[in-house]
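Student: I would like to learn how to read side-chain contacts and a sheet from coordinates, going step by step. Could we take one feature at a time?

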Amino acid sequence: MNSKPGDFGKRRGKTVFLVSIIILIGGLLSGWLAFRALQIEAEMSAARPLLSQFEDELTKGDLPAASSTLAKLRGHGAASQSAATDPIWTAARALPLIGTNFSAVTELALSSVELADGAATPVLKTLEDISIEKLMSGNGGIDLAAISGASPALSSAADTVSLTHGRLSDIETSALVPQIAAPLDQAIEALAPVKDKLTDAANASKILPSLLGAEGARNYLVLVQNNAEIRATGGLAGALAVLRAHDGRIELVTQSSGSALGMFSPAISVDPNQTTIYSNRLGKFIGDVNLTPDFPTVAASAKAMWESRHSERIEGVIAIDPVVLAHLLDASGPLEVAKDPATTSGLPATLTAGNVVKTLLSDVYTHLEGDSSQDAYFADVSRKIFESVSSGSIPGPKLLDALSKSVSEGRVLVWSAHKPEQEILTQNPLGGSISGPAASGAAFGVYFNDGTGAKMDFYVRRSVQLAKFCENDGYSLYKVRVKQTNTAPPNAATSLPDTVTGAGLHGVPAGFVQTNVVIYGPAFSQVDITRKDGTQVPFASHLHENRPVGTMATRLAPGQSTELEMTFITVVQDSPPNIRVTPTVQPVHDVWRVPEYVGCG
């Protein structure tokens, strides 16, 4: 080999030069990627407070402000997208080990623009076209054509959010650095409720026109549930009414009571599995159809009972309680009810959001004697509140807020006899089903049924808490804690009317409260043990639609409290837990205590 002296030095110099160039280029590329990362972070940081601002403006109905905020959000999203899709950033996505981080950031950036264009913009346009004021015709009617017209845009927006949420959720996070994993988790968590709300809105736009009589008149049986005598879905169905919906207008056509329907013998047919859990009273009295928390079962039974006594065909069932009436009065303002002092002696002449619950669930039993007088007063109050709602005099936004609050508290339940509509309702808590999409995941339920045979539940204060314990075998263990206190006065046996205490006629001493507590766990889990005030006690165990059910009775003297703790094991669902609780006279925020997580990282 004829190498000249110095050739090696030249080659070495060239190599050093090439390495230097590569290092320089690598440094430049790294610097560029760092610059882009800072740019993306700046844009995303600027967008975060605007998201909550946009949602707040939509909630308040300030659409011009929301439109301006959306334009800013779109600008930040576009800038992030541009930075996260340039050629160098795109090439970095193919790098081993760290490439997934660049891909995750790109997905976040693309999603922000996708959500702005495919969801926020059409929703905002829809709200501009069909505000609640425009939907309400002014005479109590609703513009059904406008709702139908908005359905495609709402469905498209819901699909966009759902697909985006799914795509982000599918990103493998194990290789992501914390600075990227955290914003990704935040985005997924923030999108989840938006996805659910938009899906609910889209579904509502699909079925609301037909529910409100766009295709012909519909009759709905309304169960006004009395929370003073608790039942799993709310309370004894003492007051009944039939509403007729046609072309967006609703009229009250019939009022009656549970006592007027009487006992059914033979009992109507009900799911045998549920009669095993809740007794055959489910098919004997309309006041007991809702001993089961499964509202489709409740509604089908109530429909059969009503139709067996009346000629009206029922095509849907709605359940509400007096707290719903309070929310409506909060929207409408005070209501004058006392026209005849002779029949309303001692009761307020004006009902307000602050006194209507106490009046209907307590005072009426003190001042009015006999079921017929009490039923008549309930009917009169219900009719007047309905007339106020159907007249169109309540401002649309206030009416919508009252109904939304009632639904979110589980105080309004709806069932349709039309299968396509019912299939949509079962996907939503509004449908009250204990199985199906609305009860999927780590779903729990705590339900109360009166065992006193009277109206003592007005005095019971309850709280419910979930405690999650994470275990090493991949399963979770949950403890459901239920505290109850009888706040009736010490002399309740003599100071309260017999219609309130039950006078001991059903085996429970006057002034005491007996409650059958029913707790559901997630599908395929198991009830393990139950403790009462720290001591293990026996309980009845059942299975309902693959969900374990534990039941036991409690009895409380005036002033007495008790706490139950029921343990569910082998919970395979790793989704955030959700819980349904029988709505009581108490505000929901007083009943649902903050969940506790033990050993879950």
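Student: Is Lys303 buried or exposed, and what is its relative accessible area?

Tutor: Bear in mind that this is a predicted model. Burial is judged by relative accessible area, with under 20% as the cut-off, and Lys303 is buried because its value is 16%. The side chain of Lys303 meets that of Glu307 in a salt bridge, at 2.8 Å from N to O, and Glu307, at 28% relative accessibility, counts as partly exposed.

Student: How are Lys303 and Glu307 placed in helix 10?

Tutor: They are 4 residues apart in helix 10, which covers residues 295-309, and are therefore separated by about one helical turn.

Student: Which residue forms a salt bridge with Glu565, and which strands hold the two partners?

Tutor: The partner is Arg481, with the closest N and O atoms 2.9 Å apart. Glu565 belongs to strand 16 (residues 561-571) and Arg481 to strand 10 (residues 476-486), so the pair ties together parts that are 84 residues apart in sequence. Glu565 counts as buried at 16% relative accessibility, and Arg481 counts as buried at 13%.

Student: Which residues are joined into one network by salt bridges that share partners?

Tutor: The network consists of Glu229, Arg231, Arg281, Asp288 and Lys455. Within this group, the side chains of Glu229 and Lys455 meet at 2.7 Å, N to O, and they link distant parts of the chain, with Glu229 in the loop between strand 1 and strand 2 and Lys455 in the loop between strand 8 and strand 9, 226 residues apart. Glu229 is buried at 8% relative accessibility, and Lys455 is buried with a relative accessible area of 13%. A search of the whole structure finds 21 salt bridges.

Student: How should I read a pair of aromatic rings, and how many aromatic pairs are there here?

Tutor: Such a pair is described by the distance of the centres and the angle of the planes. The count here comes to 4 aromatic pairs. Among them, Tyr447 and Tyr520 are edge-to-face, with 5.6 Å from centre to centre and 85° between the planes. Tyr447 lies in strand 8 (residues 443-450) and Tyr520 in strand 11 (residues 513-520), so this pair ties together parts that are 73 residues apart in sequence. Both Tyr447 and Tyr520 are buried. Phe458 and Tyr459 also form an edge-to-face pair, at 5.3 Å centre to centre and 90° between the planes, while ring pairs link Phe444, Tyr478 and Phe568 into a cluster.

Student: Which charged residue lies over the face of Phe448, and which over that of Phe469?

Tutor: Arg462 lies over the face of Phe448, at 4.5 Å from the ring centre, and Lys479 lies over that of Phe469, at 4.9 Å from the ring centre.

Student: Turning to the sheet, in what order do the 5 strands of the open sheet run?

Tutor: The order is 3-2-1-4-7, and the pairing is mixed. Strand 3 (249-257) and strand 7 (413-416) are the edge strands, each pairing on one side only, and the twist averages 20° from one strand to the next. Strand 4 (residues 316-320) and strand 7 run antiparallel and are joined by 4 bridges; the partner of Ile318 in strand 7 is Val414. Helix 13 (residues 371-390) packs on the sheet, touching strand 1, strand 2 and strand 3, and its direction makes about 175° with that of strand 3.

Technical notes. Residues numbered from 1 in each chain as written. Predicted model: local features only at pLDDT ≥ 70, side-chain atom pairs only at ≥ 80, totals over all residues. Heavy atoms only, no water. Phe/Tyr/Trp six-rings, centres within 6.5 Å; stacked < 30°, edge-to-face > 60°. Helix = DSSP H or I, 4+ residues; strand = E, 2+ residues; numbered from the N terminus. Buried < 20%, exposed > 50% of the residue type's maximum accessible area, 1.4 Å probe, protein only. Lys NZ or Arg CZ within 6 Å of the ring centre and 35° of its normal. Pairing = 2+ DSSP bridges. Axes fitted to C-alpha atoms, helices over the stretch in contact; angles between N-to-C directions. Contact = heavy atoms within 4.5 Å. Salt bridge = Lys/Arg side-chain N within 4 Å of Asp/Glu carboxyl O.
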